[in-house]
Amino acid sequence: LQGPAVGVERGRELRAAAPREIDHATGLILTEIRSITVRGQAATLTQAEGSSHDGTPYHEATVAFHGRSGPALLIVSGPSSGWDPTVLDALITSIQ
């Protein structure tokens with residue numbers, strides 16, 4: 001995974017910004033936007049936090065990129081308690 005390490009500090013800045021970006025359909029709050037490289041091409045990784053229907057905190061990451069046969073979209077979501085950004089980075093790096 002390549003690109004500037006925006007990481008936790010950028011997430012704090014985004015959360016502190018007014019108004020906070022909220023997807024009103026899902027209730028997700030934008031926490032990070034980072035430029036990355038997928039399959040040798042520039043892409044944007046977006047991460048957000050929210051709560052499931054039962055109130056469990058969770059994270060979601062999305063990245064759109066050009067796949068083998070055209071546009072592709074990766075969406076990864078899971079409970080915050082088990083969220084591991086290194087696993088997400090490894091998954092994105094593995095895309096060929």
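pLDDT is the predictor's confidence in each residue, on a scale from 0 to 100. You'll want it on screen from the start, since what you have open is a predicted model.

**Stop 1: colour by confidence.** Averaged over the chain, pLDDT comes to 81, with 76% of residues at 70 or more. Select residues 7-16 and you have helix α1, where confidence is lowest, at a mean of 47. Now jump to α2: confidence peaks there, at 95. Back at the start of the chain, residues 1-12 have pLDDT below 50, and this stretch makes 17 contacts in the model beyond near neighbours in sequence.

**Stop 2: the nonpolar core.** Select Ile36, Val38, Ala43, Leu45, Ala61, Val63, Phe65, Leu74, Trp83, Leu88, Ile92 and Ile95. Those 12 residues make up the largest nonpolar core. Which elements each supply at least two residues of this core? Show β2 (28-38), β3 (41-51), β4 (57-66) and α2 (85-94), and you have them. The largest share, three residues, comes from β4. As background, nonpolar side chains tend to be buried together in soluble globular proteins.

**Stop 3: centre on Val63.** Staying with the core, Val63 is one of its members. Leave aside neighbours within four places in sequence and show what it touches: Ile36, Val38, Ala43, Thr44, Leu45, Ala72, Leu73 and Leu74 are all in contact with Val63.

**Stop 4: over to Pro71.** Strand β5 covers residues 71-79, and Pro71 is found in it. Is Pro71 buried or exposed? Exposed, because its relative accessibility is 82% and the cut-off for that label is over 50%. Skip the neighbours within four places in sequence, and Pro71 is in contact with Phe65 and His66. Phe65 should look familiar, as it belongs to the core you selected earlier.

**Stop 5: the charged network.** Turn on the side chains of Glu32, Arg34 and Asp89, which are linked in a network of salt bridges. In general, side chains of opposite charge can pair when their charged atoms come close. How many salt bridges does the structure hold? Two, and you can visit each from Arg34.

- Start with Glu32 and Arg34: their side chains meet in a salt bridge, with N to O at 3.1 Å. A polar contact of 3.1 Å also joins these two side chains.
- Then go to Asp89, whose salt bridge with Arg34 has its closest N and O atoms 3.6 Å apart. This pair links distant parts of the chain: Arg34 sits in strand β2 and Asp89 in helix α2, 55 residues apart.

Try colouring the trio by accessibility. Glu32 counts as buried because its relative accessibility is 8%, and buried means under 20%. Arg34 is buried as well, with a relative accessible area of 12%. Asp89 has a value of 22%, so it is partly exposed.

**Stop 6: an unusual backbone angle.** Last selection: Arg39, in the loop between β2 and β3. Put up its backbone torsions and look at phi, which is positive, at about 55 degrees, although Arg39 is not a glycine. What is the relative accessibility of Arg39? The value is 32%, so Arg39 counts as partly exposed.

Notes: Residues numbered from 1 in each chain as written. Predicted model: local features only at pLDDT ≥ 70, side-chain atom pairs only at ≥ 80, totals over all residues. Heavy atoms only, no water. Core = buried A, V, L, I, M, F, W, Y, C linked by side-chain atoms within 4.5 Å. Buried < 20%, exposed > 50% of the residue type's maximum accessible area, 1.4 Å probe, protein only. Helix = DSSP H or I, 4+ residues; strand = E, 2+ residues; numbered from the N terminus. Contact = heavy atoms within 4.5 Å. Polar contact = N/O pair within 3.5 Å; in protein donor to acceptor, adjacent residues only side chain to side chain. Salt bridge = Lys/Arg side-chain N within 4 Å of Asp/Glu carboxyl O.
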